[in-house]
Amino acid sequence: MTRILFVTSEVHPLIKTGGLADVSASLPAALQTLGEDVRLLIPGYNQVLDALKVKKVVATFSVFAGQAPVKLLSAKMPHTNVPVYVLDAPQYFCRVAGPYQYQLGGDWPDNPMRFGMLSKVAAMLGSADSPIDWQAELVHCNDWQTGLTPVYLQLMTAPRAKSVMTVHNIAFQGNFDRDWIKSLEIPVAHFNMHGVEFHGNLSFLKSGLQYADRIVTVSPTYAHEIQATEMGYGMQGLLTARRNEVSGILNGIDEDEWDASKDKHLEVRYDASDLSQKTQGKLALQKRLGLEVNEHTPLLGVVSRLTYQKGLDLLLECLPTLLDGGAQLAVLGSGDAEFERRYLQLAQRYSGRVSVTIGFNEALSHQIMAGTDIFLMPSRFEPCGLNQMYGMRYGTPPVVRRTGGLADSVINASLDGGTGFVFDDAGAQALQQTIKWAIECYRDANTFRRIQLNGMHKDVGWRHSAQLYLELYNSILKN
Ligand code: ADP
C-alpha cells in the first residue's frame with residue numbers, strides 16, 4: 001500500500017471551476033479502490049469549510065517565517081470517504097468569490113503566496129518534518145497551483161517523498177514577479193533557467209516540470225503536442241529535454257456521478273435499453289429553456305468555459321447557417337466577456353431556437369448533456385476534456401476537433417465502433433461541415449442509434465487509467 005498525497009486547488013463537489021475538480025474527486029477514489037492509502041490536500045476556501053460538516057484540527061504550525069500559524073483540518077470527502085486535509089489559513093482562503101479570482105474577474109494579487117503556501121504544506125506532508133503522524137511517500141501535484149511542491153520537497157529533511165506533476169492545461173502557468181521568491185523562501189540559487197525561472201519571472205508550472213520526478217499530462221496525444229512549439233506555451237524545450245520522463249494518461253470520468261439512469265439532476269432518467277426516455281428529457285429541456293418543443297428538431301449542446309481555447313468563436317461563425325437550416329442550440333458557460341456578449345446576442349436574434357445561460361450550473365450541465373442530441377466541442381487544443389466523455393456516456397455523440405484528449409477518446413463515426421464526429425482543421429468551415437454531417441446522421445435514426453450506443457457502451461471510467469498511475473508511482477518509488 002503506497003501513501004499518496006494528492007494535492008489540488010479544486011475538487012468536486014466542494015469547489016469547482018473546471019475539469020481539474022472532477023479528476024481530483026474521481027482519481028483518488030479510484031486509487032483507494034485499488035487499495036492505496038491516498039489522501040487529498042486542498043485549500044480551506046469558505047465553500048470547502050462550509051461543505052465539510054465534520055472536521056477536526058490535526059495540526060497547527062507555521063509555514064513561512066513571520067506569518068500567522070495555519071491549521072490542518074482532517075475530514076472525509078463526501079460520498080467516497082477519501083481522507084482530505086484542508087489547509088485552513090483564513091487570511092488567504094476565506095474570501096467571497098472564486099478560488100483564483102475576485103468578483104470582477106481579476107486574479108487575486110496574492111495568488112503566489114496562497115498557492116505557494118499550499119505547495120509548501122504538501123511538501124511538508126511528504127517530508128520527515130511532516131506536521132502530522134503520516135508522511136506521504138509520493139506527492140501527486142496538479143497544475144501550476146501546486147508547482148512549487150517538488151522544489152520545496154528538495155529543501156526538506158529526508159526521507160522525502162517522490163513527486164509526480166500532472167499538467168491539466170499547460171496554458172495556465174502561474175508566472176509571477178521574481179520578487180516573490182523572497183517571501184516564498186525559495187533560495188536565490190534556484191532562480192535560474194534550470195530552476196524556477198522562466199523568462200525573468202518565477203514560474204510555478206515550470207518549477208514543477210523541472211523538479212518533479214515524473215511529468216504526466218492528461219492524454220497521450222497532448223503529451224506529444226506540448227513538446228512542440230505551437231502547443232508547448234514556451235515549455236516545449238524543457239519537456240523535450242525530459243521526454244523520457246513525460247507520459248500521457250487519459251483521464252477517466254466518475255461513472256456514478258455521470259450515469260443517466262440514476263442522475264439526480266434529471267427529471268427523466270434513461271439507459272441504453274430505452275432511448276425513448278432520453279427524448280422525453282429533451283422535450284423537458286426544450287420547455288425549460290424556452291426553446292420550441294419538437295422532438296424532431298436536432299438540438300445541439302455546449303457546456304464550456306467560453307474561451308478562445310474552446311473554439312467557440314468558430315462555432316459563432318457557423319451557427320447562423322445551421323440555425324437557419326433548422327437546428328436548435330443550448331449553451332451553458334461563462335468566460336470571456338466578449339464571447340458571453342456575442343452568445344447572448346445570438347440568443348436574442350434566434351429566440352426560441354437558441355438558449356444561452358451564462359454562469360456555472362451543475363444541474364443544468366447534466367440536463368444539457370442528457371437532453372441534447374449532439375454535443376459540440378470544437379477546441380483549438382484540449383488536454384483531455386471530460387465533456388465529450390459525458391456526452392458519449394449520455395447518448396449525446398460529440399462533434400470534436402482531433403486534438404489532445406478529444407483525439408484519444410472519440411472514434412470518428414466513419415469508422416467501425418464510431419462514437420462521435422471528428423474534424424481536423426481549426427476553421428469554421430470544417431466545423432460547419434462536420435456538424436451538418438452529424439445532423440444528417442441524426443436524421444437517419446438507425447445510424448444515429450448505433451453511434452449513440454457505441455458511446456454509451458464505451459469504457460470511460462478510471463479503472464484502466466488509475467492502474468496506469470499506480471504503475472507509474474511504483475516505478476518511481478522503485479528507483
Ligand atoms: P476544462 O477543465 O478545460 O474547463 P473539461 O471538459 O475538462 O474542460 O471539464 C469541464 C468541466 O466543467 C466539466 O465537468 C463541465 O461539465 C464543467 N463545466 C464547465 N462549464 C460549466 C458551467 N458553466 N456550468 C457547469 N459545469 C460546467
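The exercises below, each with a worked solution, concern a predicted model of a protein with a bound ligand.

**Exercise 1. The ligand and its shell**

Determine which residues come nearest to the ligand, which side chains place a polar atom by one of its oxygen atoms, and how much of its surface the protein buries.

*Solution.* Begin with the shell, which holds 20 residues, of which Gly 19, Asp 22, Arg 305, Lys 310 and Gly 359 come nearest. Sorted by class, the shell has 6 nonpolar, 9 polar and 5 charged residues.

Next, take the side-chain contacts one at a time. A polar side-chain atom of Asp 22 lies 2.7 Å from an oxygen atom of the ligand, while for Lys 16 the corresponding distance to a ligand oxygen atom is 3.0 Å. In Asn 387, an N or O atom of the side chain is 3.0 Å from an oxygen atom of the ligand.

Then consider the surface: the ligand taken alone exposes 560 Å², and the protein buries 93% of that area. Finally, assign the shell to secondary structure, where helix H1 (19–33), strand E13 (299–306), strand E14 (328–335) and helix H15 (387–393) are the elements that give two or more residues. The largest share, 3 residues, comes from E13.

**Exercise 2. Strand E2 and its neighbours**

Work out whether strand E2 is enclosed or open to the surroundings, and identify the strands with which E2 pairs.

*Solution.* Start with accessibility, for which the cut-off is that buried means under 20% relative accessible area. Because 7 of the 7 residues of E2 (residues 37–43) are buried, the strand is largely enclosed by the rest of the structure.

The second step is to separate the two faces. In a regular strand the side chains alternate between the two faces of the sheet. In E2, Asp 37, Arg 39, Leu 41 and Pro 43 point one way, whereas Val 38, Leu 40 and Ile 42 point the other way, and all of them are buried.

The third step is pairing. Strand E1 (residues 3–7) pairs with E2 in the parallel sense over 5 bridges, and Phe 6 stands opposite Leu 40. Strand E5 (residues 83–88) also runs parallel to E2 and is joined to it by 4 bridges, with Val 84 as the bridge partner of Leu 40. Leu 40 therefore has a partner in E5 as well as standing opposite Phe 6.

To finish, add the helix: E1, H1 and E2 make a right-handed β-α-β unit.

**Exercise 3. Unusual backbone geometry**

Locate the cis peptide bonds that precede Pro 13 and Pro 159, and state how exposed His 79 and Asn 81 are, given their positive phi values.

*Solution.* As background, most residues other than glycine have a negative phi, and most peptide bonds are trans.

Take the cis bonds before the phi angles. The bond from His 12 to Pro 13 is cis, with omega near 5 degrees, and Pro 13 is found in the loop between E1 and H1. The bond from Ala 158 to Pro 159 is likewise cis, with omega near 0 degrees, and Pro 159 has its place in the loop between helix H5 (149–155) and strand E7 (162–167).

Turn now to phi. His 79, in the loop between strand E4 (70–76) and E5, has a phi near 75 degrees, and with 76% relative accessibility His 79 counts as exposed. Asn 81 is in the loop between E4 and E5 and has a positive phi of about 70 degrees; at 47% relative accessibility, Asn 81 counts as partly exposed.

Definitions and conventions. Residues numbered from 1 in each chain as written. Predicted model: local features only at pLDDT ≥ 70, side-chain atom pairs only at ≥ 80, totals over all residues. Heavy atoms only, no water. Near = heavy atom within 4 Å. Polar contact = N/O pair within 3.5 Å; in protein donor to acceptor, adjacent residues only side chain to side chain. Areas by Shrake-Rupley, 256 points an atom, 1.4 Å probe, with all protein chains shown as cover. Nonpolar A, V, L, I, M, F, W, Y, C, P; charged D, E, K, R; others polar. Buried < 20%, exposed > 50% of the residue type's maximum accessible area, 1.4 Å probe, protein only. Pairing = 2+ DSSP bridges. Right-handed = clockwise from strand over helix to strand, strands pointing away.
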